Amino acid sequence: MKEQEIPYKIYLSENEIPKYWYNVRAVMKNKPAPLLNPGTHQPMTSDELSHVFCDELVKQELDDTDELIPIPQEIRDFYKMYRPSPLVRAYCLEKQLGTPAHIYYKFEGNNTSGSHKLNSAIAQAYYAKKQGLKGVTTETGAGQWGTALSMACAYFGLDCHVFMVKCSYEQKPFRREVMRTYGARVTPSPSMTTNVGRKINEEFPGTNGSLGCAISEAVEEAVSHEGYRYVLGSVLSQVLLHQSVIGQETMTALDKYGVTPDIIIGCAGGGSNLGGLIAPFVGRELKGGPKYQIIAVEPASCPSMTRGVYAYDFCDTGHVCPLAKMYTLGSEFIPSPNHAGGLRYHGMASIVSQLYHDGIIEARSVEQTSVFKAAEYFARVEGILPAPESSHAIRVAIDEALKCKETGEAKNIVFGLTGTGYFDMVAYQQFNDGAMNDFIPTDADLEKSISQIPHFPGNLA
């Protein structure tokens, strides 16, 4: 098909919103390892998990056999408010770079939450409401997940309590206020309102917090109050499942114009955006389809895949959650407060970790200032102010496009633009003022937290 026949924005119709979530685990030869009970080191049962998570979400978490899982009509009706999201051909960026590459990005920022997180938030709130719960608790780092969940809970009339990583709580007050506008209670973490929060504050005086800390507090809050459950915005298999609508829409749009991606790029913190984007493409590849170069991009300040170890580790700093096998820096790793780009979790989703371990995807880490240079460049050329998280993917997409310029190859590059950066202006201000630093943990820094990973037979062998 001729290049000029591909529009700037490829829109699908409402009828093309996916009717099923795509469960890539069903076609993976090596399944992600199961969650383990930290006391017995045996796989967690549905009964054990149901004390923390909603019943239907537990079923989805444990399902590694059904490739297609129906999306309830109520959720699809909500999706229609902002989905399908556009797949954009970055003609202006291609021209500015002088590259023969064709660059596409899937834009997930066209909703009030400003990110892809709403895709899973509405699903989790729906199942909580269906179960008859009073409300849910959660954590949030940069605030996108907390914003999305507060919206979803308001829609279904659920109480929502968000523990927000303290440095983000202070750096991103407007994100916090959006959550409160939608009715959520927002607490900086670690707090003095939970047992685990008080313990973390005692052990790490003056700490700016981490997602691992906030998770511990949110879980404690949920299990100690009748009628509440904990919900999570990334990492878990159920979340990556919900986010597969991103990849399915991307694949449908590209297929319409006969475009096969050569390179697929996504930012990677806990793995929800990346996992959702690549799921159907990985499924197609594993079933004998084309092979893609898939690149997970993480910050150099929190490099779980590129510098972590593949082992069972706690999902939280307070050690109240199950053990997950993942690439991890250790549950006690706390990223530098200088890191402004989100993606602050110490580990990577089990699905993404398994795909990386099997060599199906690759990983790169990038430094913060180079990420914001790419964000500024993209904003000036394409007209969208990107979220710092998304800008990690933009950085590598530009790098790959410039490689094509050197080789003359017209590769098709697709990346996920997870959302907008309008609530991240403190970080942009730091960059514009020349006050932003690149913090890269030393081997000694990482060894300190990695050494705390649980040792038991078969782990860290």
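User: Is helix 5 largely enclosed or open, and why?
Analyst: Helix 5 is largely enclosed by the rest of the structure, because 11 of its 13 residues are buried. Keep in mind that this is a predicted model.

User: Which residues of helix 5 are the buried ones?
Analyst: The buried stretch includes Leu118, Asn119, Ser120, Ala121 and Ile122. Ala123, Gln124, Ala125, Tyr126, Tyr127 and Ala128 are buried as well.

User: How does the span of helix 5 compare with what it should be?
Analyst: It agrees: at 1.5 Å a residue, the 13 residues of helix 5, residues 118-130, should span 18 Å, and the end C-alpha atoms are 18 Å apart.

User: And what follows helix 5?
Analyst: Gly132 does, with a positive phi near 85 degrees.

User: Switching to rings. How many aromatic pairs are there?
Analyst: The structure holds 17 aromatic pairs. One of them, Phe372 with Tyr428, is edge-to-face, 5.3 Å centre to centre with 75 degrees between the planes.

User: Where do Phe372 and Tyr428 lie?
Analyst: Phe372 lies in helix 16 (residues 368-382) and Tyr428 in helix 18 (residues 425-432), so the pair ties together parts that are 56 residues apart in sequence. Phe372 and Tyr428 are both buried.

User: Which residues do ring pairs link into a cluster?
Analyst: Phe78, Tyr79, Tyr82, Tyr126, Tyr127, Tyr155 and Phe156. Tyr126 and Tyr127 also turn up among the buried residues of helix 5.

User: OK, cavities. How many are there of 30 Å³ or more?
Analyst: There are 5, and the largest holds about 400 Å³ of space. Its lining takes in 29 residues, and the closest to the centre are Lys117, Leu211, Ser234, Gly270 and Leu343.

User: Which element gives the largest share of that lining?
Analyst: Helix 13, with 3 residues. Strand 6 (135-140), helix 6 (144-156) and helix 10 (211-223) are among the elements that each supply at least two.

User: What's the lining of the largest cavity like by class?
Analyst: It has 11 nonpolar, 14 polar and 4 charged residues.

User: Last topic: how many disulfides does the structure hold?
Analyst: It holds 0.

User: Why no bond for Cys267 or Cys315?
Analyst: Distance. The sulfur of Cys267 is 13 Å from the closest cysteine sulfur, in Cys302, which is too far for a bond. For Cys315, the closest cysteine sulfur is in Cys321 at 5.9 Å, also too far.

User: Are those two, Cys267 and Cys315, buried or exposed?
Analyst: Cys267 is buried, with a relative accessible area of 5%. Cys315 counts as buried too, at 11% relative accessibility.

Conventions
Residues are numbered from 1 along each chain as its sequence is written. This is a predicted model: local features need pLDDT of at least 70, side-chain atom pairs count only at pLDDT 80 or more; totals for chains, interfaces and linings use all residues. Side-chain values use heavy atoms; hydrogens and water are left out. A disulfide is a pair of cysteine sulfur atoms within 2.5 Å. Buried means under 20% relative accessible area, exposed over 50%, partly exposed in between (1.4 Å probe, protein chains only). On a 1 Å grid over the protein atoms alone, a cavity is a set of points where a 1.4 Å probe fits but cannot get out, and a pocket is an open set with protein on both sides within 12 Å along at least five of seven lines; lining residues have an atom within 4 Å of a point. Grid points are joined across faces, edges and corners, and a volume is the space filled by probe spheres set on the points. Helices (H or I, at least four residues) and strands (E, at least two) are DSSP runs, numbered from the N terminus. Ala, Val, Leu, Ile, Met, Phe, Trp, Tyr, Cys and Pro count as nonpolar, Asp, Glu, Lys and Arg as charged, and the others, Gly among them, as polar. The expected span of a helix is 1.5 Å times one less than its number of residues. Rings of Phe, Tyr and Trp (its six-membered ring) pair if their centres lie within 6.5 Å; planes under 30 degrees apart count as stacked, over 60 as edge-to-face and the rest as tilted.
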